[in-house]
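Here's a quick tour to read with the model open beside you. Have the viewer ready and follow along by residue number.

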Amino acid sequence: MKRIKLTISIIFLISLICVMTAGASKVSFYANITAIEPIMEAFEVKTGIKGEYTRISTDKFLATVLTEFEVGKLLADVIQAPIPVLEILKERGVISSYTSPIAAVYPEWTRKDGIQLFGIEYVALIYNKELVKLEDVPKRYEDLADPKWKDKIVMANPAIHPTTISWLIGLKENVFSSEEEWMNFLKGLAANKPMFVASFGPTPAPVESGEKLIAISMPKYIITKAPAPLDWAQVEQPLMGTPRAIAVTSSAPNPEGAKAFMDYWLSDEAMSMLAEEVGEYVLAPGIFPPIEGMDKAEILAIRELSDEEIQQWGNEFKQIFTVE
């Protein structure tokens with residue numbers, strides 16, 4: 001493995017020299033991932049190429065990129081989004097076939113003809129460790145249906161938030177032994193009347209303030225919201241999440257800069273920053289977020305739901321959770 005990494009490092013340096021010779025000066029990056037400014041700055045220091053980061057939420061990503069692409073005004077050289085979004089863009093001709101040499105150290109299943117998986121948008125139960133007693137911390141997902149959590153939970157709206165919809169379906173397909181058990185869990189959770197917010201982003205604040213005690217959220221906030229009193233429930237079942245992916249666009253205005261950015265993004269240096277400073281779960285071997293117990297956790301990449309499935313299950317959850 002060390003020899004492979006050394007070889008890849010040499011390739012990266014050669015690529016970097018080629019890029020600098022070609023005179024690439026900037027690269028535009030559209031992404032739904034947050035808090036990556038340190039990586040953008042490190043990329044510029046390392047390469048001399050300015051990285052311009054535009055954050056686009058998941059629900060607006062597809063429409064934004066397709067609209068720009070179809071009128072010939074897509075400014076992005078590199079794009080990052082959940083894998084289902086990038087696969088639709090691949091079908092529409094937005095994605096190039098570039099495969100970074102750095103991807104050779106990643107598991108084979110992460111390479112998808114120009115689309116590279118680099119992490120999992122993992123979801124867990126985040127709680128206020130100053131207000132929740134250790135004996136009350138959930139040990140299984142089913143514990144969220146306990147009436148003691150009534151009016152104490154916050155989660156993204158299960159009728160419209162694609163990642164939460166996918167996560168709930170992931171529970172059905174990977175955790176619960178029968179559809180009846182899964183449905184009982186959903187009804188119990190709904191009976192506890194969770195607070196609904198638009199996405200994962202607003203979920204930590206009510207827990208941090210004590211307005212709510214527990215969130216269906218992302219463990220990364222334990223890092224990014226520190227020293228907020230947040231911890232994660234180390235349930236007996238696996239954590240799950242949607243794969244995060246990255247790709248170079250087929251119409252990249254700065255193609256050499258785009259390749260250099262992709263290579264850097266997948267490097268141990270960038271992935272370590274993503275894990276340690278942003279709390280992300282990355283797929284680069286041997287790199288974990290500095291969250292106690294996370295290096296031992298089982299993390300599953302859940303199935304990709306189609307647009308039709310997202311719509312269908314969103315409508316189902318709207319009824320179950322009585323979302324207005």
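Helix 6 and helix 11 are oblique to each other, because their axes cross at roughly 55° and angles between 35 and 65 degrees fall outside both the roughly parallel and the roughly perpendicular class. Keep in mind that this is a predicted model. Below, the helix packing comes first, then the strands, a buried loop residue, helix 10 and some backbone oddities.

**Helices packing on helix 11**

- Helix 6 covers residues 179-191 and helix 11 covers residues 307-320, and their axes come within 10 Å.
- On the helix 6 side, the contact is made by Trp182, Met183, Leu186 and Ala190, while helix 11 brings in Trp313, Phe317 and Ile320.
- Sort the residues of that contact by class and you get 7 nonpolar, no polar and no charged.
- Helix 5 (residues 162-174) also packs on helix 11, this time at an angle of about 85° and with the axes 10 Å apart.
- That angle falls in the range of 65 to 115 degrees, so helix 5 is roughly perpendicular to helix 11.
- Helix 5 uses Pro162, Ile165, Ser166, Leu168, Ile169 and Lys172 here, and they meet Ile310, Trp313, Gly314 and Phe317 of helix 11.
- The contact of helix 5 with helix 11 is a mixed bag, with 7 nonpolar, 2 polar and 1 charged residues.
- Which helix 11 residues should you click on for the helix 5 contact? Trp313 and Phe317 are among them, and Trp313 and Phe317 are also listed for the contact with helix 6.

**Strand 1 and its partners**

- Strand 1 (residues 26-31) runs parallel to strand 2 (residues 50-55), and 6 bridges join the two.
- To find the register, look for Phe29, which stands opposite Tyr53 in strand 2.
- Strand 1 also pairs with strand 3 (residues 78-82), again in the parallel sense, over 3 bridges.
- In that pairing, Ala31 stands opposite Gln80 of strand 3.
- Helix 2 (residues 37-47) belongs with strand 1 and strand 2 in a right-handed β-α-β unit.
- How many residues of strand 1 are buried? The count is 5 of its 6, so to speak a mostly covered strand.

**A buried loop residue, Met218**

- Met218 is in the loop between strand 8 (214-217) and helix 8 (220-224).
- Is Met218 buried or exposed? Its relative accessible area is 2%, and the cut-off for buried is under 20%, so Met218 counts as buried.
- Met218 and Val123 are 95 residues apart in sequence, yet their C-alpha atoms are 4.7 Å apart in space.
- Beyond its neighbours within four places in sequence, Met218 is in contact with Glu121, Tyr122, Ile126, Phe200 and Arg244.

**Helix 10 and what covers it**

- The buried residues of helix 10 (residues 268-278) are Ala270, Met271, Ser272, Met273, Leu274, Ala275 and Val278.
- Their cover includes helix 2, strand 5, helix 8, helix 9 (255-265) and strand 11 (281-282).
- Just after helix 10 comes Gly279, with a positive phi of about 80°.

**Backbone spots to check**

- As background, most residues other than glycine have a negative phi, and most peptide bonds are trans.
- Asp113 is not a glycine, but has a positive phi of about 50°.
- Asp113 is found in the loop between strand 4 (111-112) and strand 5 (115-128), and is exposed, with a relative accessible area of 54%.
- Lys193 is another non-glycine with a positive phi of about 50°.
- You'll find Lys193 in the loop between helix 6 and strand 7 (195-197), and Lys193 is exposed at a relative accessible area of 51%.
- Ala226 and Pro227 are joined by a cis peptide bond, with omega about 10°.
- Pro227 is in the loop between helix 8 and strand 9 (230-232).

Technical notes. Residues numbered from 1 in each chain as written. Predicted model: local features only at pLDDT ≥ 70, side-chain atom pairs only at ≥ 80, totals over all residues. Heavy atoms only, no water. Pairing = 2+ DSSP bridges. Helix = DSSP H or I, 4+ residues; strand = E, 2+ residues; numbered from the N terminus. Right-handed = clockwise from strand over helix to strand, strands pointing away. Buried < 20%, exposed > 50% of the residue type's maximum accessible area, 1.4 Å probe, protein only. Axes fitted to C-alpha atoms, helices over the stretch in contact; angles between N-to-C directions. Parallel < 35°, antiparallel > 145°, perpendicular 65-115°, else oblique. Contact = heavy atoms within 4.5 Å. Nonpolar A, V, L, I, M, F, W, Y, C, P; charged D, E, K, R; others polar.
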